Amino acid sequence: MKSAANRPTRPGEDDPRLGEASGDASPDHPESPGEQTVAFRAIRDDDVVSFRTDDASAVGAEHGDENSAPDAGDGDPGDETAPADDATGTSSGEGDDGPAGDEVSPVASARDAEDGSEDAAPAPETADGSGDGTPEEAADADPGSADDAGDDDEDTGEDAGEDIGEDAEGEAAAADSGRPATDAHDAEAGDSEAGDAEAAAAGSAEDGEADPAEDGGGEDGNGPAEDGEDEAGTGDAAPGDRVRETPMPEEVSAALTGALAALRDSVADLAFGLDLPGAEEARRVQAEILAQLDDYVIPRVHMSTAPALIVVAGSTGAGKSTLLNTLANAKVSATGVRRPTTATPVLACHPDDYEWFAKGDLLGSLKRKKAPSHTSGLGELVLVATERLPQSVALLDTPDIDSVVEEHHEIARRMLDAADLWIFVTTAARYADAPAWRLLRLAKERGARLAIVLSRVPPRSREVVTKHFVRMLTEYGLGEVDRFVINESKVTDGMLPDDEVTELRLWLAELSVDDQRRTQAVQATLAGALDSFRTRVPALARHLEAQVAFRAELRGDVDAAYGRALAEIDEATRNGSLLRGEVLARWQDFAGSGDLMRTLHMRKPGRLSGKASQQGPERMGALKAAIRTGLESVVVSAAQRAAEETVTRWLNRPGAGEALTPAQTLGRPSDEFLRRAGRVVSAWQDHVVELIRTEGVTKRAVARLVSFDVESLALIFAVGLLGYGTAEVEVAGKNALPQRLLHALLGAESLRSIGAKARSDLRARIGMLFDDETARYVQALDGAGIPDESAATRLYQATYNLEVAR
Amino acid sequence: MTTVGTTQTRQGLGSRLAALARIVELGPGRADPRLLTEAGQLLLRAGDRLKLSSDHTVVALAGGTGSGKSSLFNSVSGLDLSPTGVRRPTTARTHACVWGLEGAGPLLDWLQIQWRHRFARASALDKGESRLHGLILLDLPDHDSIRAITDTEADRLIQVADLVVWVLDPQKYADASTHRRYVTELAGHDTVTIFVLNQADRLAPEELAECVADLEDLLRREGVENPVIVTTSATTGKGVDNLKAVLADTVARRRAAIQRLEADLDRLARRLAKIAPAEDAPSPPASIDDARRIGLTDALCDAVGVPAVGEAMENVYGVRSAEWVGWPYTRWAAKLRPDPLNSLRLGDLRDEIRGLTGGSVSAQPAEVDNAIQALADGLTTGMPEAWQDGVRDAARSRSAQLPRVLSEELTEVAPSLDRVPAWWRLLLAWQYLLVLLFVAGVIWAGTALAYGVLGAGELPGGLAVFGEAASLPWVGLMVVSVLGLGVLTAVASRNVVVLGAANERDRLEREMRRRIGAIAEGMVIEPVDRELARYNEFRAAMRSVRG
């Protein structure tokens, strides 16, 4: 149903053009954007009416037909875009579920003049709409809807028609520029026969349009429509309406919404774990962008019909709240001598807009309150309605930007990010303050629409101060901004004398009435915000990339340090430095005391050979333990150095230190390391024994003569491997005693293969040990947050998509 | 009374500054360089300020733009010295007004106040203002306008003035630019800070009271324990006399300069304390105690393998001695056994094994490293990170040479395992003699058996005695006892060898230990002791700085 409701508007769009075209009898008319828009509105209302009075289903069906018809038949941009406008318009107008009901409600509730005019228009439009799709049906439908329209006109015409008339006359300028279309409507509304007239007009229009459409002259028929839209973009009348109801064509809007949602997701996904220089800033920017997207951009794109939100910002004590009170003519925001005064933002708007702000998505994350709570102002928004403020313009009083309460600055920034216009309040005593100018710079960067109020100006120095301030502004490139000067005067009950703010009030009123200007302002600020994403989001992405790169560097440090440790161990087990100290002494003991010789037994049991194989097991054990200790200490000392080196490297990189606070424990091997290293080494020793046992294929010639003790031979092998450098067979090297023995026993081939296997096994085991060690660093890095490498790409992509969608 | 107090304070300040100088000297590499730089600057500033006129008190009027510093300045001095205005910011250069000019020149030079902005109150203002004599009042530029972003003059003078008067106004009294950057930072400076709430005329009395209360609250929250708040109105002149009275009081005591420096010192000390050892941290030993020395020596002995060397020596001696002092018959019997080495045609390996045991001692570098590491780790508990590293680096300062030095030194005393003592040779000769005797006895017995018992023939006359059967038992007894004597000698000398080797092992281990201890003392303990002494001195200096 919803889709149907959305769609009906499309035909409406077409209709209005036609209707007006025919009505005016000037070929140009259909093209004029103003008419289009007006017609849309009218149609909407009409639709509603027709839904109500006539059979809704029929209309829906008609609409459906119509929808399909123009789309399929035309394929013109003009048509397509136009319906899109409508669709968005209605969607924004609608709150929740039933399209018809929703549409009706606005009519009934708020808009007097506009509604009236719109009401008047709709009838013919619907008729037209149906006419577009199928001429016959349209013909049938026409009378019905025309009647409806007539009824509506009468109903609202009494109220609205007059109002409009007055408005139109009184504020001719506004009406003219705002929406020329209204003129037409006014005129229609004014006529008692408006309904008939329009119906007739619509009928003819339908015919007119229907013909080209049917003829397949869609191009012709739509051609003007396109023009009209183009004009609408630039023309006076159209933009106002268009923006309010249909800021962007449907596809674009959908694309934009999608792009924004994607952008939001990818921004929200970011995590800047490492405290690089700028990380804090990046996190802040991230939060800001998120808040701005949620509070402002996404709702604003969705619902461009919203009243403009004007944020009053400035220094503490500048009189923001006083200004708001004065404009609202009520004490809506607390004032006082205490600085800072305002903690909770206060939004004041016309009662008609109240509902919108109470329910709307704009600043949706803030809890609405009737009055400021005394506990905390965070995450809250006080909402007040006041008749004194013009419609469609809401004022938001913010906390200060420069007091000691720093949360206020955040809130203020957030409010500013959600603003359509900024009113920047400063005082004669403050206008040169640095924070104030930072804010102005921000406004300039964001392209936000800005008005500046120089408040609390002593009357006698008004000229000097104003001149100086203006000069500063001009130098700063803000000379063109709207400025208001308020004299320092007695504040009674939180309000200034009303005549001080007359100018400002006029400005607001103009803004309220002059839809076009307001729209322009809103659009400009929205565009500025979207523009700002162009630089802010890539900046985030760049920082993220920096983090990714930095993390890779830190990771690289770890790998480099432990890689070096591994190489050191390799070196130590090759250059013979292991055969020192206790290992050497034990080896000498082992060899010198004859145990070495006793490793070998004669295979043939000789007369006395039986007894000869007795060895001192304690000496062998001692040698084994010595080798284990020696190897272990090499590993531990290398690990210690690697750990130190890693931490040193990390600390030498700015920004790493803070993120990795447990660096103290990282500066040395883990507690378990010693034990684990011992286990690894003895496991390796066992492995060597196993290797000798299984692979130590004894030369056959030898095997007949001699047998050997595997354990001892493994020890000799280990000494040869680690102590004498290499397992390769050296022919007559003096040091190669174990090798020669082994060579003689096992044969060169077998010895070589066992040597290679034992060495690679040792390396693998130590490598695994070190992997566990490096895992601690990786954990520390991960604990600080893993920047997702693809997130940067996603950010760029999202930014690009956003640009495309615009 | 005041002078005495001042002198005492001066002396106290002097010793604290000396301690700070010591910290600056000892700190590099161990403390945050920025803090040390700051400490150095403070030392310089204190030295300068204490050298300059102590009769003058430099009072700076500081505050945001538009708070009325210049108006107040003019109001206190009674003259329109500093231009006031409505344009913001108004004052760009510091103005100074001096009550009592003599001796103030160098001070003003030091403060870098331009000549044309100096004013003397001595002549123009000698009407009952003598109580302000010695006051140098500075009207600073603001610190919060867009101009101040590029101009740090206010910042500089706020850091050096003896007394800072914060000129606030109802509109700006809670500005972050004042509070965050200065008031909170200088929270300990209560005695040398005055807060003036100017433009009091803009508020109704009850509003003013609320405002003052709010300001006081705020200041207390920021750590200013006893804020002195004076409300003034430079335009109406109300409250200016109060301010003057406060100033006069400060000036008369002539202590602001020292108090300011003390406050600065306190603040610096607090910040240093964060990186320095905590007051209650366990104090590390002034030097390495005996237990640790022994621990280190033990560890190094293990790295060299002293026990293993001793054991090897003992074992090898035992085995080797058997070749000399053992019973020759068992040796000969062993030779009859088939030798696997020979069967592998590796007979020369035997000599190689013999050569292998030619004594050499060396240290295992990795174990040496670990020993040093363990020593450093044991010492540094409770030390700040930087000092832990320092101690470790000191311990390691010569660890690269240590294994080599140890090896060289110990090789001197290393037992050469293949030496042969003279008594071994004697015993060998004795054993061979016994063997000869045995052989001779056997021959005699054979002869006696053949000729005496069996009557195989007649021996030549001279040898007839050998053929007597009666001698046979005696000869037999002799042969047996010669054998027994050989066994006994072998067993006894074996025991002697073992005993001697054990003794030698003890002696050797003691000697090696002694040498290792001496090397450790010179190459490890001494640098560590130096570092520990430095650390303890640093701690002591920190305590003195804290006062």
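Here is a short chat about the predicted model of chains A and B.

Reader: Anything to know before I start?

Author: It's a predicted model, where local features need pLDDT of at least 70, side-chain atom pairs count only at pLDDT 80 or more, and totals for chains, interfaces and linings use all residues. Residues are numbered from 1 along each chain as its sequence is written, and chains are lettered from A in the order in which they are written.

Reader: What pLDDT does chain A average?

Author: Chain A averages 68, with 61% of its residues at 70 or above; pLDDT is the predictor's confidence in each residue, from 0 to 100. Over residues 606-613 of chain A the pLDDT is below 50.

Reader: And what's the mean for chain B?

Author: Chain B has a mean pLDDT of 83, and 90% of its residues reach 70 or more.

Reader: What about ipTM and pTM?

Author: The model scores 0.77 for ipTM and 0.67 for pTM.

Reader: Switching topic, how many residues does each chain put into the contact?

Author: Chain B brings 61 residues and chain A brings 64. Two residues are in contact if their C-beta atoms, placed from the backbone, lie within 7 Å.

Reader: Which helix of chain B gives the most there?

Author: That's α11(B), with seven residues on the side that touches chain A. Helices here are DSSP runs of H or I, at least four residues, numbered from the N terminus.

Reader: How much of chain A is buried?

Author: Of the 806 residues in chain A, 55% are buried, meaning 20 or more other C-beta atoms lie within 10 Å of the residue's own, with C-beta atoms placed from the backbone.

Key: A residue is buried if 20 or more other C-beta atoms lie within 10 Å of its own, exposed if 12 or fewer, and partly exposed in between; C-beta atoms are placed from the backbone. Helices (H or I, at least four residues) and strands (E, at least two) are DSSP runs, numbered from the N terminus.
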